[in-house]
Amino acid sequence: MDIPYTQFTLANGLRVLVHEDRKAPVVAVSVWYNVGSKDEPPGRTGFAHLFEHLMFNGSENAPGDYFEPLREVGATDFNGTTWFDRTNYFQTVPRPALERVLFLESDRMGLLLGAVSQETLTNQVGVVQNEKRQGDNQPFGLVEYAQLAALFPAGHPYRHATIGSMADLDAASLDDVRSWFRAKYGPNNAVLVLAGDISAAEARPLVEKYFGHIPRGPENRPAMAPVPTLPAPAIEVMKDRVANTRLYRNWAVPGLLDSESAALTVAAGVLGGLSSSRLDNELVRKDQTAVRVSAENQAFHRVGIFEVQVDVKPGADADAVARRLDAIIADLIAKGPTADEVQRVVMTEVAGRIRGLEQVGGFGGKATALAEGALYADDPEFYRKRLLALGRVTPADVQQVLRKWLTRPVYALTVVPGERGPYEEAAAARASASETATSGQATVAKPGEPAAAGAAALARTERKPPSVGQIADLDFPEVERARLSNGIEVVYARRQTVPVIRLAAEFNAGVAADPPNAAGVQSLMLRLLPEGTTSRSSVQIAEEQERLGAQIQPAASRDRSALLMTAMTPNLGPSLDLLADIIRNPAFAPAEVERLRAQQLALIAEELTQPAGLAQRALPPLIYGPEHPYGHPPSGTGREASIKAVRREDLVRVHQAWIRPDTATIFAVGDIPLSSLVAELERRFGDWRPPAAPKGEKHFAVEPPAAHARIVLVDRPQSPQSYIYAGQVLPVRGSDDTLDLRAANEVLGGNFLSRINMDLRETKGWSYGARSSVDLLEDRSSLLLIAPVQADKTGPAVQALVTHVRDMVGGRGITPVELQQVINANTRQLAGQFETSAAVLGALRSNALYRRPDDYWEKVADRYRGMTAQKLDAAARAAIDPARIVWVVVGDASKVRGQLEGLGLPVETVRPD
């Protein structure tokens, strides 16, 4: 496995890597800075991440939101992230837009500070604090803080979480911003990777042109961080609003570059990473005292954390499970793993890396692999050496690192259901950005004006963004079709990028196939398929997948059920053998039924503790009605009563009614000829005949109720945020022409620059992100609005959302600027949108579901170019009715009910589920 690259360094120290990949006319641009949260001084936790946010709010020659020019040029996979060891910014763009993006990245690298105002800083502090609330508000959301504080001593660079503390974020000042930028963001502290439709000869003059003028800055030398050892075992119990007890075992271990890191990764895979891991086999399958287990070696730059998790089955003795967990770990340390276990972990790791290398950018593609190695190891080929190191790991190596590192004192945390302690909130007196900004503070420097005094890292240089060349329309892969001898249709697209076959054996079923009194049964049946056949046990199926580097997973959308397979092409035959056995010959063994029943009941209980889970369970029956096929929870987990009541013979009947050749279509994308794939499929499925039982039917004739605008408040005490989730059933179906409506929704809430998000996040700072979507389904679709907001702004946020919807269908139609943003983004992003075989497979499946022609995606650009504001306004007004939107709010009723009662809508408070 190899990623060829050319490397050069500019005079200012910027290190540049170029990888040429001509499969699609796109280039990934990835900038990694050698700075993360471990570089933060005391009293400034969270600042590296806060600064990442500020980098998206404009630079001196590109004022305004960074996402606006990215959307204009059709960028895909764009974002920024911060972690302990680095901050990165990445986007994949059409080749003709590359110069524009290099201009943007270089301008914020060299000319940021004149564009950072107090207003921007205040707003982004609010946004980050809401990102923190959003994470903290989840079940187990406070665990990371306890882990880091227990594992690392005071003053250790890894002791605090990247998100930081509310108090330190409150204290951030413009002087902090300026100091951080000057000290950390010089070109000599960064790695730039260009991967895709470009050569090194083409790249070098462009990089020199846009980055060469930026002067060197101080070199950031992150402090060495020793691996600490606890003086004695640390035992802690935490209460949280969770559905089940979770056991943690943690040790600080060596980091990514240590020679023992690969063996620790294999050890974690054997213990709890594989589907056939020791913990899965012993606690989940054999003892059936746990519903979920995991083990992971989190390898950071300087140190790592070896973490084990066990979710105790509700009703099981948590103390006994803890003793059993410790005994399993001790047994692995004492005896070591088998050679087969080690081989299965390595094959799983290698196969995952091969699948990821199909993509040039994003957060798992080739640009990331090169940048990570260059930044951490001073070696772009580190990814390759890491895989080779994994391949050399022996059972003795694993046992040695386990004995060395996991026999040290452990941090053992037990999280049990109960009330949380007091929550650390932000300063209550913090005003909104619009109230605190003053004319005397730093302002955005307009072209031709000097930057704010003392705010620039170098003399102000006016630069104009380069033009964007002509971006060609999408050339979608040719869609080929065939039929097996029993009539199953095969829909195929050939992509010769990586030796991988992606396949979906799809059935016309889905969550909507469940009758009202059996919600969740379809999903339970599907989850049982890979848990045992008439000739293979659950463990054997898991082990075979691992040896083959294959993945076979059941999945259910609202409209379709599927078995998804990803296989290495050389292993296609045996992978299909396994898939066919899983689909055609499920055993539904009584013991497995009971085990999976308990797991699904635990999933339901978990959803009842999660803000999003509570909302998604509450809304569908309110807008569709409990008898409608879409009135079930969209997760497919169903209701507790129906899962408790289902019998094995019911599951057999459901399988016979829905998982059968006369409801099946096979979709696939791969690197072999269609004829070769059909021959392999014919051998496994050609003789499959429908059972005597009749096919299942979905009852879409049930009419949704006549909804009226109201608020349903789901009480979730101790919530620092409220989760707003609203919806309306639309008078459209998935097979209708919904392109104008979906384009109108993009303006309302369908992307980062939408009215909803720019208001609640970028203007008010009340949310980490708000959005809306047209939830396109085979039958009646719906409009959904989603906004997690800080608890004290719940009422005003609902009012703002109501206003935006009314404006969209009332007097504030789509503007020419908004229309052009929609057209540019959707016509220019297509090549990047379908860069990977997974994306192409998704398009094949959605085209079939919505009855679109095979050339839909090749012709959609012309449809966008023909749009007018009047057409989009008309589509929105014909479908969206603010008087029929039901608003579900999940939050602390004692804090938010009073806010909601003043909005002029009926308010009903309910208990979860």
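Biologist: Which residue of S8 stands opposite Leu 17?

Modeller: Leu 17 has Val 193 of S8 opposite. This is a predicted model, in which local features need pLDDT of at least 70 and side-chain atom pairs count only at pLDDT 80 or more, while totals for chains, interfaces and linings use all residues. Residues are numbered from 1 along each chain as its sequence is written, and side-chain values use heavy atoms, with hydrogens and water left out.

Biologist: What makes S2 and S8 a pair?

Modeller: Two strands pair if DSSP finds at least two bridges between them. S2 and S8 have 6 bridges, in the parallel sense, so the condition for pairing is met. The strands themselves (E, at least two residues) and the helices (H or I, at least four) are DSSP runs, numbered from the N terminus.

Biologist: Which strand pairs with S1, and in what sense?

Modeller: S1 pairs with strand S2 (residues 15-20) in the antiparallel sense over 4 bridges. In S2, Leu 17 stands opposite Gln 7, and Arg 15 stands opposite Thr 9. The hairpin of S1 and S2 has 5 residues between the strands, and Gly 13 takes a positive phi near 95° there.

Biologist: Why are S1 and S6 said to stand at the edges?

Modeller: The open sheet has 6 strands in the order S1-S2-S8-S3-S7-S6, with mixed pairing. Strand S1 (6-9) and strand S6 (76-82) each have a single partner strand, so one side of each is without a neighbour in the sheet. From one strand to the next, the twist averages 15°.

Biologist: How many residues of S3 are buried, and what follows for the strand?

Modeller: Buried means under 20% relative accessible area (exposed is over 50%, partly exposed in between, with a 1.4 Å probe and protein chains only). By that standard 8 of the 8 residues of strand S3 (residues 26-33) are buried, so S3 is largely enclosed by the rest of the structure. In S2, 5 of the 6 residues are buried, so S2 is also largely enclosed.

Biologist: Which residues of S3 point one way, and which the other?

Modeller: Val 26, Ala 28, Ser 30 and Trp 32 point one way, whereas Val 27, Val 29, Val 31 and Tyr 33 point the other way; all are buried. In a regular strand the side chains alternate between the two faces of the sheet.

Biologist: Which strands pair with S3?

Modeller: Strand S7 (residues 87-94) pairs with S3 in the antiparallel sense over 8 bridges, with Thr 92 as the bridge partner of Ala 28. Strand S8 (residues 190-196) also pairs with S3 in the antiparallel sense, over 7 bridges, and Leu 192 is the bridge partner of Val 31.

Biologist: What is the strand order in the open sheet that contains S14?

Modeller: That sheet has 6 strands in the order S14-S15-S19-S16-S18-S17, and its pairing is mixed. Strand S14 (479-483) and strand S17 (551-556) are the edge strands, each pairing on one side only. S17 is joined by 6 bridges to strand S18 (residues 561-568), and the two run antiparallel. Ala 555 stands opposite Ala 562 in S18. Helix H19 (residues 572-584) packs on the sheet, touching strand S16 (500-507), S17 and S18. Contact here means heavy atoms within 4.5 Å.

Biologist: How do you know that the length of H19 agrees with the expected span?

Modeller: The expected span is 1.5 Å times one less than the number of residues. For the 13 residues of H19 this gives 18 Å, and the end C-alpha atoms are 18 Å apart, so the two agree.

Biologist: Why is H19 called mostly covered?

Modeller: In H19, 10 of its 13 residues are buried, among them Leu 572, Gly 573 and Asp 581. Their cover includes S16, helix H18 (538-548), S17, S18, helix H23 (648-658) and helix H24 (674-685).

Biologist: How do you know the relative orientation of H4 and H26?

Modeller: The axes of helix H4 (residues 118-136) and helix H26 (residues 755-763) come within 8 Å and cross at roughly 100°. Angles under 35 degrees count as roughly parallel, over 145 as roughly antiparallel, 65 to 115 as roughly perpendicular and the rest as oblique. H4 is therefore roughly perpendicular to H26. The axes are lines fitted to C-alpha atoms, for helices over the stretch in contact, and angles run from 0 to 180 degrees between N-to-C directions.

Biologist: Which residues of H4 and H26 meet?

Modeller: Asn 123, Gln 124 and Val 127 in H4 meet Arg 761, Glu 762 and Thr 763 in H26.
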